[in-house]
Each structure stands twice: as structure tokens, then as C-alpha cells.
Amino acid sequence: MGSSDGDKPLRRIAASFEELEVVAKQQAPGPAMEVGSFARACSNVSVLFGCLGIAFKFAEMDYVDDLLEASKSISKLPEMVELDIQKGTVRQAGSHTRNMLRVKRGIDMVKILFEQILVTEGNSLRDAASKAYAQVFAPHHGWAIRKAVAAGMYALPSKSQLLKKLNEDENSAKVQMQTFIRASGPVILYVEDLFTSRNLGMDW
């Protein structure tokens, strides 16, 4: 009897983003992405940050909990952004829209991390993780957090240790990472469009 997806977080991550990809690729006026579906997919990603240890403590995505809570009363992501615009709270700490931007960066980072893992030789994750962090989060973090993350990079699990935590071998992990890379691209663009189409910017 094989293992179920329940104890294979990488498969859950890939599968949940494949579902979001279908919605993200719909041309307007297609169905808008649901807050709940987006938040649940991202909560799967937060498991991965937990597996990476102290270096990514900052990215364990507490923001996802806020989106899961929001999904009880707000159905669609565009509606959620519009409500914050109406209230004038888009950039306010704790707003759903601000939290969605933070979560989007987490997805960005995992996509780049997986891309780097697939092209990096050896058993160390440090180079792959450092590049992903530098591209996505470092520009938005102050010196103290950047220093803490740099120190935490030395405590990252090895690639083989990470795969063991994820219950994958190298070949199966490669397939799931490639699936996530492909599926997350349109999802990231969908979320970015929620900001750019409303002139909200994302560099904040």
C-alpha cells in the first residue's frame, strides 16, 4: 500500500496549485479566484517553510491564517481587494490585501527555490535558498532580519534531509517541483494583476 498525499506535503502543494492554475488561466470575465482555495493552497506551502527550519521562520506565513479567516465572509480575491480599497486600508498593517501580498512573496520564493534546487548540484540547499531569499524577500527586509536569515542559512537541512521530511525521493520530488513551478507562474501573475490593474503597486 503506497503512501497517501496526506503525508507527502510536496504533492499536496503541487496539486493545490494546479487547481489554482486552472482559474488563473481563465480569461476575464471568467470565474474569480476564491479566497479560501488560494489560502488553503498557500497553507500547504507554509508546511514547506517549516521543514526548512529557522532561516525561514519569518516566512511561515501567519498571514495565511488571516486569509483563511477572511474566506469565511469574503468569497473572491478581487472582492477582498476592493473592500480594502473602499475602507482605505490596503497598505495598513494586518489588512487582507497586505497579507495577500506577503503570501504572494512566499509563493514567489518557493518557485525560485525549486528552480534553483533543480539546477544546483550537490546536497546543500544554501545557495538555492540564498538566491531565492535575495530575489524575493531581502529587498523588503531590514538589516536585522537579513542578518538573522543569513545566519539561519547555515542551519538549513541538506537536500536529502529535506526530501526525507517530505517523504519523496529525488526523482519524485523533481516531478512535483516542476509541477509547482509551472502551476504557480500563472497564479503569481493573477495575484500581481489584482494589484497592478488597480494601480496599487507591490513594492511596499
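## A walk through the helices

Start by selecting H4 (residues 77-87) and H5 (residues 96-119): their axes come within 8 Å and cross at roughly 130°. Here an axis is a line fitted to C-alpha atoms, for helices over the stretch in contact, and angles run from 0 to 180 degrees between N-to-C directions. That makes H4 oblique to H5: angles under 35 degrees count as roughly parallel, over 145 as roughly antiparallel, 65 to 115 as roughly perpendicular, and the rest as oblique. Helices are DSSP runs (H or I, at least four residues) and are numbered, like strands (E, at least two), from the N terminus.

Before you go on, note that this is a predicted model, where local features need pLDDT of at least 70 and side-chain atom pairs count only at pLDDT 80 or more, while totals for chains, interfaces and linings use all residues. Residues are numbered from 1 along each chain as its sequence is written, and side-chain values use heavy atoms, with hydrogens and water left out.

**Stop 1: where H4 meets H5**

Show the side chains of Leu77, Met80, Val81 and Asp84 in H4; they meet His96, Thr97 and Met100 in H5. Contact means heavy atoms within 4.5 Å. By class, this meeting place has four nonpolar, two polar and one charged residues. For those classes, Ala, Val, Leu, Ile, Met, Phe, Trp, Tyr, Cys and Pro count as nonpolar, Asp, Glu, Lys and Arg as charged, and the others, Gly among them, as polar.

Now click on Met100 and look around. Which residues is Met100 in contact with, leaving aside its neighbours within four places in sequence? You should find Phe38, Leu67, Leu77, Met80, Val81, Val191, Leu194 and Phe195.

**Stop 2: the core**

Met100 is also one of the residues with the most contacts inside the largest nonpolar core, alongside Phe17, Phe38, Leu52, Leu77 and Phe114. That core has 62 residues. A nonpolar core is a set of buried Ala, Val, Leu, Ile, Met, Phe, Trp, Tyr and Cys residues joined through side-chain atoms within 4.5 Å. Buried means under 20% relative accessible area, exposed over 50%, and partly exposed in between (1.4 Å probe, protein chains only).

Colour by helix to see who contributes: H1, H2, H3 (63-70), H4, H5, H6 (126-136), H8 (159-165) and H9 each give two or more residues to the core. The largest share, 11 residues, comes from H9. In soluble globular proteins, nonpolar side chains tend to be buried together.

**Stop 3: H1 and H2**

Select H1 (residues 9-24). At 1.5 Å a residue, its 16 residues should span 22 Å, and its end C-alpha atoms are 22 Å apart, which agrees. The expected span is 1.5 Å times one less than the number of residues. The buried residues of H1 are Pro9, Leu10, Ile13, Ala14, Ser16, Phe17, Leu20, Glu21 and Ala24. What do they pack against? Their partners are H2 (35-52), H5 and H9 (170-196).

Slide over to H2, which is mostly covered: 13 of its 18 residues are buried. Its end C-alpha atoms are 26 Å apart, in agreement with the 26 Å expected for 18 residues at 1.5 Å each. Just after H2, Gly53 takes a positive phi of about 90°.

**Stop 4: H5 to H6**

Go back to H5 and pick Gln116. Is Gln116 buried or exposed? At 16% relative accessibility, Gln116 counts as buried. Not counting residues up to four places away in sequence, Gln116 touches Ala128 and Lys131.

Ala128 is in H6 and is buried, with a relative accessible area of 1%. Besides Gln116, Ala128 is in contact with Leu113, Ile117 and Thr120, again leaving aside neighbours within four places in sequence. In the loop between H5 and H6 you'll find Gly122, which is partly exposed at 47%. Try a distance from there: the C-alpha atoms of Gly122 and Ser158 are 36 residues apart along the chain and separated by 9.3 Å.

**Stop 5: two asparagines**

Finish with Asn167, in the loop between H8 and H9. Asn167 has a positive phi of about 60° although it is not a glycine, and is partly exposed, with a relative accessible area of 35%. Then jump to Asn199, in the segment after H9. Asn199 is not a glycine but has a positive phi of about 55°; at 72% relative accessibility, Asn199 counts as exposed.
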